[in-house]
Amino acid sequence: DHEYIQLIAPKVGKVGVSNYAQGELGEVVYVDLPEVGAEFTQGKPFGTVESTKAAGSVYMPVTAKVVEINTALSSDYGLVNRSAEEDGWMAKVEIKNETELDGLMDAEQYK
């Protein structure tokens, strides 16, 4: 899978699709974001990204509760293409089970 979680505070991370994934998708034309307050278990879909090539679900890397969504994406889907791992994040989440982070690849392993 090609989602990421970047820790931004203790037990808080921002999630989205990786730069590799956006490159494979091509031009992003729509992003479906989760509701604030929604809870997802690790590996379950929390959103959708549609492009000129394909549409696909985005999966939650850890069990988490959505605390904020990136409202900028609703008017500028291209943020995912231009800045997937910075400005193009999809949601900020409260991590429910930090031990799940141990099973994820870090940025160097992913590359």
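In what order do the three strands of the open sheet stand? The order is β3-β5-β6, and the pairing is antiparallel. Keep in mind as you explore that this is a predicted model.

**The open sheet**

As general background, strands of a sheet pair through backbone hydrogen bonds, either parallel or antiparallel. Here β3 (28-32) and β6 (55-59) stand at the edges with a single partner strand each, so one side of each is left without a neighbour in the sheet. On average, neighbouring strands of this sheet are turned by 25° against each other, direction ignored. You can follow one pairing by eye: strand β5 (residues 45-51) joins β6 in the antiparallel sense over five bridges. To find a spot along that pairing, look for G47, whose bridge partner in β6 is V58.

**More paired strands**

Strand β7 (residues 64-69) takes part in other pairings. It runs antiparallel to strand β4 (residues 39-40), and two bridges join them. β7 also pairs with β8 in the antiparallel sense, over five bridges. K65 is a handy residue to look for: it is the bridge partner of E39 in β7, and its own bridge partner in β8 is E94.

Here are the pairings side by side.

| Strands | Sense | Bridges |
|---|---|---|
| β5 and β6 | antiparallel | five bridges |
| β4 and β7 | antiparallel | two bridges |
| β7 and β8 | antiparallel | five bridges |

**Three residues to visit**

Start with Y4, which is found in strand β1. Is Y4 buried or exposed? With a relative accessibility of 11%, Y4 counts as buried, because the cut-off for buried is under 20%. Leaving out residues up to four places away in sequence, Y4 touches several others, including K14, P61, A84 and W89. The side chain of Y4 reaches the backbone oxygen of A84 at 3.0 Å. Y4 and L101 are 97 residues apart in sequence, while their C-alpha atoms are 11 Å apart in space.

Next comes K11, in the loop between β1 (3-9) and β2 (12-17). Its phi is near 65°, a positive value in a residue other than glycine. K11 is partly exposed, with a relative accessible area of 44%.

Finally, look at E100, placed in the loop between β8 (91-95) and α3 (107-110). How far away is the nearest side chain of opposite charge? That side chain belongs to K96 and is 11 Å away; E100 is buried yet has no salt bridge. Setting aside neighbours within four places in sequence, E100 is in contact with Q42, V62 and T63.

Methods: Residues are numbered from 1 along each chain as its sequence is written. This is a predicted model: local features need pLDDT of at least 70, side-chain atom pairs count only at pLDDT 80 or more; totals for chains, interfaces and linings use all residues. Side-chain values use heavy atoms; hydrogens and water are left out. Two strands pair if DSSP finds at least two bridges between them. Helices (H or I, at least four residues) and strands (E, at least two) are DSSP runs, numbered from the N terminus. Axes are lines fitted to C-alpha atoms, for helices over the stretch in contact, and angles run from 0 to 180 degrees between N-to-C directions. Buried means under 20% relative accessible area, exposed over 50%, partly exposed in between (1.4 Å probe, protein chains only). Lys and Arg count as positive and Asp and Glu as negative; His and the chain ends are not counted. A salt bridge is a side-chain nitrogen of Lys or Arg within 4 Å of a carboxyl oxygen of Asp or Glu. Contact means heavy atoms within 4.5 Å. A polar contact is a pair of N or O atoms within 3.5 Å; within protein, one must be able to donate a hydrogen and the other to accept it, and residues adjacent in sequence count only if both atoms are side-chain atoms.
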